[in-house]
Each structure stands twice: as C-alpha cells, then as structure tokens.
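Reader: I am new to this structure and should like to be taken through one part of it closely. Please begin from a single residue, follow its surroundings, and then place what you describe within the chain.

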Amino acid sequence: MNTTRRTEAEVQGFTASPQFAANLQRVLVDLIELHLQGKQAHWNVVGTNFRDLHLQLDELVDFAREGSDTIAERMRALDAVPDGRSDTVAATTTLPEFPAYERSTGDVVDLITVRINATVDTIRSVHDAVDAEDPSTADLLHQLIDGLEKLAWIIKSENRKV
C-alpha cells in the first residue's frame with residue numbers, strides 16, 4: 001500500500017474534457033425540452049383517461065426537470081458550463097417539435113412516447129464516450145435511461161391493444 005503523501009499540486013481532481021462537456025450538454029438540452037414538451041402536453045391533453053394521463057405527464061415533467069438539474073450540476077462539478085437557455089435548447093434539441101393546441105389522450109401518448117424515446121436515444125448515443133471518461137457520470141446516465149424507459153412503458157400502455 002502506497003502511503004506517500006501527495007502535494008496539493010498533485011491533487012487536481014477530474015475535469016471534463018470539451019467532448020465530455022458537449023456530450024452532457026446534448027443530454028441536458030433534450031431533458032429540458034422533454035420537460036417543456038411534457039408540460040405543453042399536460043396543459044392541452046383532452047379525452048378519455050384525461051386525468052390518468054394528466055398525472056402521468058406530471059411524473060414525466062418532474063423526472064425530466066430533476067434529471068436536467070442533475071446533469072447541469074454534474075457538469076458544474078466537473079468544471080463544465082451547462083447552457084439551458086431557451087434559444088440554445090430550441091436550436092440544439094433532437095426532439096421533434098410538439099404540435100400546438102389541444103390533443104387527444106391517444107395522440108399525446110404517442111407524441112410523448114416518441115419524445116421520451118428520442119431523449120433516451122441521445123443518452124445512449126453519448127453513454128460509451130461518457131463512460132470511458134468518467135464511469136461515475138455514466139451511472140447517472142443509467143439512472144436516466146432506466147427511469148425514462150419505465151415512464152415510456154407506463155405511458156404507452158395507455159394505447160396498447162391486446
């Protein structure tokens with residue numbers, strides 16, 4: 001066992017590389033957009049099973065908002081600078097634009113499921129690069145994937161026909 005004391009200069013801590021920061025930024029903007037689109041759907045959903053879907057959308061919105069905060073704070077902890085400004089989110093998200101006006105519960109289920117899956121696709125696309133640089137941050141991505149896929153399953157089950 002090495003018990004040699006290190007100097008302060010030798011203890012620098014992990015700092016995100018530019019590519020690592022860019023990968024987390026991609027996840028951040030998609031989570032922010034998912035939160036916003038989930039809220040848009042929540043306000044404008046109408047039809048059969050309205051209340052159930054309305055409440056499920058609240059769960060999704062909370063999960064995406066908390067996830068975006070976790071990613072942004074992780075970026076700051078690693079000396080990267082998150083950019084959650086609305087212009088940045090609108091210009092860089094991979095999520096399709098959410099349609100305006102009222103939407104039926106069946107349509108909202110399909111629209112939101114696509115957007116959850118798009119967010120998961122983004123997280124999966126950066127996962128291996130993030131994991132190679134910092135497995136601790138990859139663990140956060142795992143939690144996001146697990147949570148989002150569970151929410152997608154619960155929401156899309158509203159439209160499932162047996």
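Author: Apart from residues within four places of it in sequence, Thr-113 has contacts with Ala-152, Ile-155 and Lys-156. The model in which these contacts are found is a predicted one. Thr-113 itself belongs to helix H4, which covers residues 105-133. Thr-113 is classed as buried because its relative accessible area is 10%, and buried means under 20%. A separation along the sequence may also be set beside a separation in space: Ala-80 and Thr-113 are 33 residues apart in sequence, and their C-alpha atoms are 30 Å apart.

The next helix to consider is H5, made up of residues 135-156, in which Thr-137 is found. The relative accessibility of Thr-137 is 0%, so this residue counts as buried. Its side chain takes part in two kinds of listing, polar contacts and general contacts, which are best read together. One polar contact, of 2.8 Å, links the side chain of Thr-137 to that of Arg-74. Another, of 2.4 Å, is made between the side chains of Thr-137 and Asp-134. When residues up to four places away in sequence are set aside, Thr-137 touches Phe-20, Leu-24, Arg-74, Leu-78 and Val-130. Arg-74 thus appears both as a polar partner of Thr-137 and in its list of contacts.

Phe-20, also in that list, leads to the aromatic residues. The whole structure contains 1 aromatic pair. This pair is formed by Phe-14 and Phe-20 in an edge-to-face arrangement, with 5.7 Å between the ring centres and 80° between the planes. Which of the two partners is buried and which is partly exposed? Phe-20 counts as buried, since its relative accessibility is 2%. Phe-14, with a relative accessible area of 33%, is partly exposed.

Two loop residues deserve attention for their backbone angles. Asn-49 has a phi near 60°, which is positive although the residue is not glycine. It lies in the loop that runs from strand S1 (45-46) to helix H2 (50-77). Asn-49 is partly exposed, at 41% relative accessibility. Asp-79, likewise not a glycine, has a positive phi of about 65°. Asp-79 is located in the loop between H2 and helix H3 (86-92). At 56% relative accessibility, Asp-79 counts as exposed, because exposed means over 50%.

These parts may now be placed within the whole. The chain has 5 helices and 2 strands, and in sequence order they give the pattern α-β-α-α-β-α-α. According to the unreviewed UniProt entry, residues 22-157 carry the feature "domain: Ferritin/DPS". Within residues 22-157, 80% of the chain is helix and 3% is strand, while the C-alpha atoms at the two ends are 34 Å apart. Along the principal axes, the C-alpha atoms of the chain fill a box of roughly 70 × 35 × 20 Å. Of the chain's 162 residues, 41% count as buried; Thr-113, Thr-137 and Phe-20 are among them. The area exposed by the chain is about 9500 Å², of which carbon and sulfur atoms supply 49%. Finally, of the contacts in the chain between residues at least 6 apart in sequence, 80% join residues at least 24 apart.

Conventions: Residues numbered from 1 in each chain as written. Heavy atoms only, no water. UniProt positions renumbered as here; feature names shortened; annotations may be inferred. Helix = DSSP H or I, 4+ residues; strand = E, 2+ residues; numbered from the N terminus. Buried < 20%, exposed > 50% of the residue type's maximum accessible area, 1.4 Å probe, protein only. Contact = heavy atoms within 4.5 Å. Phe/Tyr/Trp six-rings, centres within 6.5 Å; stacked < 30°, edge-to-face > 60°. Polar contact = N/O pair within 3.5 Å; in protein donor to acceptor, adjacent residues only side chain to side chain. Areas by Shrake-Rupley, 256 points an atom, 1.4 Å probe, with all protein chains shown as cover.
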